[in-house]
Each structure stands twice: as C-alpha cells, then as structure tokens.
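User: I would like a close look at a single part of this model, followed outward into its surroundings. Please take it step by step and keep the reasoning explicit.

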Amino acid sequence: MTELPAVAAQSSTTIGPGRLILVVGPSGAGKDTLLGLAKAACADDRSVIFARRLITREASAAEDNEQVSPEEFQRAASAGGYAMHWDAHGHRYALSNAINDAIRAGHTVIANVSRTVIASARRNYANPIVVSITAPPEVLAARLAARARSSDGKLERRLARTVDESASTPDFTIVNSGSADYHARQLVRVIRGERWDC
C-alpha cells in the first residue's frame with residue numbers, strides 16, 4: 001500500500017531557525033513508546049515540543065493524538081490548516097500549522113510522521129532531522145500481533161506496506177530491539193543535539 005503525502009506550500013524562505021525532528025519507521029517499531037519516554041525525559045525543557053497528530057481514527061491511550069472526523073479533516077486540509085498531512089492504512093494524518101510557529105520561535109519540534117513527507121519537509125524547513133526507528137521483521141510482526149488494534153487493519157497489509165525510500169534517508173537510525181529506556185536515551189540525545197556515539 002502506498003501513502004500520499006502533502007506538505008503545505010511555503011514561500012521561498014524555509015522555516016527556521018528551530019529544528020524539526022521527524023520520527024519515522026514501520027508499524028510495530030515502537031515509535032510511540034520511545035517518543036513517550038523521550039517526552040518525559042524532556043518535560044522540563046520548554047524549548048522542546050512534541051507535536052500531536054490529528055488522525056481520522058479513534059484515539060488510543062498508547063498515542064498522544066487528536067481524533068478528527070474525515071469531514072473535519074478535509075475542511076481543515078482544504079483551508080490550509082495543516083503544516084503537513086498524509087494518508088496511510090486507510091486513515092488520514094496531519095500536523096497543525098502550530099508547529100511552524102514554534103519552529104520560527106526557535107523551538108525544537110518532534111513529530112511522528114510518514115516517510116512520504118520527508119522530501120517535502122527537507123525542502124520547506126531549515127533544520128530538519130530524520131530519525132528512523134525500526135526493528136527486525138519478526139519483532140515488528142510480534143508487536144503488531146500483540147497490539148491487536150482493530151483500526152490497524154490487516155496485519156499482513158501493514159507489514160507489506162512499501163514506501164519509496166530514495167528521498168527519505170534518515171540522519172539517525174535506532175534499531176529498537178533492546179531496552180526501551182536505552183533506545184529512548186538515544187532519541188533524547190538527538191533531540192538535545194548531543195553526541196550520538198557516546
């Protein structure tokens with residue numbers, strides 16, 4: 001299954017000076033777990049903002065998302081109310097324009113997005129950083145099976161989804177197959193701009 005991205009058209013000036021950290025990866029990689037731990041670790045840093053996604057499916061306790069109806073989503077998208085939006089797994093996802101205001105104010109914004117928006121984000125933002133969170137195929141399959149979320153659709157379809165990787169090469173890759181705390185600390189180092197290899 002392919003995904004269709006959209007990033008709001010910007011002027012010839014890229015959005016900065018703050019950083020936009022795009023967290024990407026396949027279903028079951030543990031992105032929400034690591035993002036939750038990283039958010040807790042950065043709670044006292046007001047310069048770091050974890051963006052909430054708007055999604056046209058039921059919200060869950062495992063994700064910090066806002067549920068919107070398909071009609072509401074379409075109205076906002078048509079009116080330019082989203083910094084970026086994309087379709088995946090039969091649902092629609094977006095980030096509000098508030099992230100652009102935060103980045104212009106010098107904040108670091110972290111967002112869980114589709115790999116399909118990376119190429120456009122690299123063109124439109126002054127300081128984009130892409131962090132890929134992944135895991136071995138058998139780990140992905142086991143996590144998705146254990147999650148058993150009805151809105152996920154068919155397990156086989158999520159595992160077989162393909163995305164054109166040519167424009168989405170990450171700056172950092174976290175293979176999330178060990179301790180969640182350890183891998184969350186890796187993500188926090190990226191967010192804080194600290195050395196990755198320590």
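Which residue in strand 10 does serine 132 stand opposite?

Analyst: Serine 132 stands opposite threonine 173 in strand 10. The model is a predicted one, and so a word on confidence comes before the detail. Its mean pLDDT is 85, with 79% of the residues reaching 70 or more; confidence is highest in strand 3 (residues 48–50), at 98, and lowest in helix 6 (residues 155–160), at a mean of 51.

The strand pairing around serine 132 can be followed in both directions. On one side, strand 9 (residues 128–134) and strand 10 run parallel and are joined by four bridges, and a further facing pair between these strands is threonine 134 with valine 175. On the other side, strand 2 runs parallel to strand 9 and is joined to it by five bridges, with valine 24 standing opposite serine 132. Strand 9 is mostly covered, since six of its seven residues are buried.

These strands belong to an open sheet of five, in the order 3-8-2-9-10, with parallel pairing. Strand 3 and strand 10 (172–175) stand at the edges and have a single partner strand each, so one side of each is left without a neighbour in the sheet. From one strand to the next, the twist averages 20°.

Two helices should be considered together with this sheet. Helix 1 (residues 31–41) packs on the sheet and touches strand 2, strand 3, strand 8, strand 9 and strand 10, its direction making about 155° with that of strand 8. Helix 7 (residues 180–192) lies across strand 2, strand 3, strand 8, strand 9 and strand 10, and runs at about 165° to strand 10. A link between the two helical regions can be examined through leucine 37, which lies in helix 1. Leaving aside residues up to four places away in sequence, leucine 37 touches Ala180, Asp181 and Ala184. The C-alpha atoms of leucine 37 and histidine 183 are 9.4 Å apart in space, although 146 residues separate them in sequence. Leucine 37 counts as partly exposed because its relative accessibility is 31%, a value that falls between the 20% limit for buried and the 50% limit for exposed.

The nonpolar packing comes next. In soluble globular proteins, nonpolar side chains tend to be buried together. Here the largest nonpolar core has 23 residues, and those touching the most other members are Leu20, Met84, Trp86, Leu95, Ile99, Val113 and Tyr125. Two or more residues each come from strand 2 (20–24), strand 6 (82–88), strand 7 (91–96), helix 3 (98–104), strand 8 (108–112) and helix 4 (118–124), and strand 6 gives the most, with four residues. Valine 113 touches Leu22, Val23, Val24, Met84, Trp86 and Leu95, again not counting residues up to four places away in sequence. The contact with Val24 leads back to the starting point, as valine 24 is the residue opposite serine 132 in strand 9. Another core, of 21 residues, lies apart from the one just described and includes Leu34, Ile110, Ile133 and Ile174.

Aromatic rings add a further level of detail, as the structure holds two aromatic pairs. The rings of phenylalanine 73 and tyrosine 82 have centres 4.9 Å apart and planes at 45°, so this pair is tilted. Phenylalanine 73 is buried, at 0% relative accessibility, and tyrosine 82 is buried as well, with a relative accessible area of 7%. The pair formed by tryptophan 86 and tyrosine 93 is stacked, with 5.8 Å from centre to centre and 5° between the planes. Tryptophan 86, at 2% relative accessibility, counts as buried, and tyrosine 93 counts as buried at 4%.

One backbone detail remains, in the loop between strand 1 (4–7) and strand 2, where proline 17 lies. Most peptide bonds are trans. The bond joining glycine 16 and proline 17, however, is a cis peptide bond, with omega at about 10°.

Notes: Residues numbered from 1 in each chain as written. Predicted model: local features only at pLDDT ≥ 70, side-chain atom pairs only at ≥ 80, totals over all residues. Heavy atoms only, no water. Phe/Tyr/Trp six-rings, centres within 6.5 Å; stacked < 30°, edge-to-face > 60°. Buried < 20%, exposed > 50% of the residue type's maximum accessible area, 1.4 Å probe, protein only. Core = buried A, V, L, I, M, F, W, Y, C linked by side-chain atoms within 4.5 Å. Contact = heavy atoms within 4.5 Å. pLDDT = per-residue confidence, 0-100. Pairing = 2+ DSSP bridges. Axes fitted to C-alpha atoms, helices over the stretch in contact; angles between N-to-C directions.
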